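Ready for a few short exercises at the bench break? Keep the model open beside you and try each task before reading its solution.

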Amino acid sequence: MTGLDPLAMLDGLEAAGFSLLALSPSGEQSLSEVRPGGRAALILGAEGPGLSPAVMARCRTVAIPMAGGFDSLNVAATSAVALHQMRFG
């Protein structure tokens, strides 16, 4: 535990002009629908617990659609897919 306040970090990102995109299996929008543009911060949670409800409530929530039988990708794979989409999508 680092002692950093996640909500304060979100405040700082927004103040610096970033849009906040939280990656979660329960995201309201598919990653393929996200159009790159401007500054975006990809918010990723720890494998298992994921992001807190307070963090999710502050962000635009985005999901990577999964094949039946799978609930999520690990955080390394999620970040790779999301960064690729944001750059080339």
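Helices here are DSSP runs of H or I with at least four residues, strands are runs of E with at least two, and both are numbered from the N terminus. Please bear in mind that this is a predicted model.

**Exercise 1. Look at both ends of helix α1: which residue reaches to the backbone nitrogen of Leu7 at its start, and which residue with positive phi follows α1?**

Step 1: Helix α1 covers residues 6-15. At its start, Asp5 places a side-chain oxygen within 3.1 Å of Leu7's backbone nitrogen.

Step 2: Now move past the other end. Gly17 follows α1, and its phi is positive, near 90°.

**Exercise 2. Work out the strand order of the open sheet, then find which strands stand at its edges.**

Step 1: Trace what pairs with β4. Strand β1 (residues 19-23) runs parallel to β4 and is joined to it by three bridges; within this pairing, Ala22 has Thr61 as its bridge partner.

Step 2: Strand β2 (residues 29-30) is also parallel to β4, with two bridges between them. Here Gln29 stands opposite Val62, and Ser30 faces Ala63.

Step 3: Put the strands together. The four-stranded open sheet reads β2-β4-β1-β3, and its pairing is parallel. Since β2 and β3 (40-43) each have a single partner strand, they are the edges, so each has one side without a neighbour in the sheet.

**Exercise 3. Is Thr78 buried or exposed, and what does Thr78 contact beyond its neighbours in sequence?**

Step 1: Find Thr78 in helix α3.

Step 2: Its relative accessibility is 11%. Buried means under 20%, so Thr78 counts as buried.

Step 3: Set aside neighbours within four places in sequence; Thr78 then contacts Leu23, Leu44, Ile64 and Leu73.

**Exercise 4. Which residues make the nonpolar surface patch, and how does Met66 count by accessibility?**

Step 1: Highlight Met66, Phe70, Leu73 and Val81, which make a nonpolar surface patch of about 340 Å².

Step 2: Locate Met66 in the loop that lies between β4 (60-63) and α3 (75-88).

Step 3: Met66 has a relative accessibility of 31%, so it counts as partly exposed.

Technical notes: Residues are numbered from 1 along each chain as its sequence is written. This is a predicted model: local features need pLDDT of at least 70, side-chain atom pairs count only at pLDDT 80 or more; totals for chains, interfaces and linings use all residues. Side-chain values use heavy atoms; hydrogens and water are left out. Patches are made of residues with over 30% relative accessible area and no salt bridge: like charges are joined within 9 Å, nonpolar side chains (Val, Leu, Ile, Met, Phe, Trp, Tyr) within 5 Å. Accessible areas come from the Shrake-Rupley method with a 1.4 Å probe; for residues, only the protein chains shown count as cover. A salt bridge is a side-chain nitrogen of Lys or Arg within 4 Å of a carboxyl oxygen of Asp or Glu. Buried means under 20% relative accessible area, exposed over 50%, partly exposed in between (1.4 Å probe, protein chains only). Two strands pair if DSSP finds at least two bridges between them. A polar contact is a pair of N or O atoms within 3.5 Å; within protein, one must be able to donate a hydrogen and the other to accept it, and residues adjacent in sequence count only if both atoms are side-chain atoms. Contact means heavy atoms within 4.5 Å.
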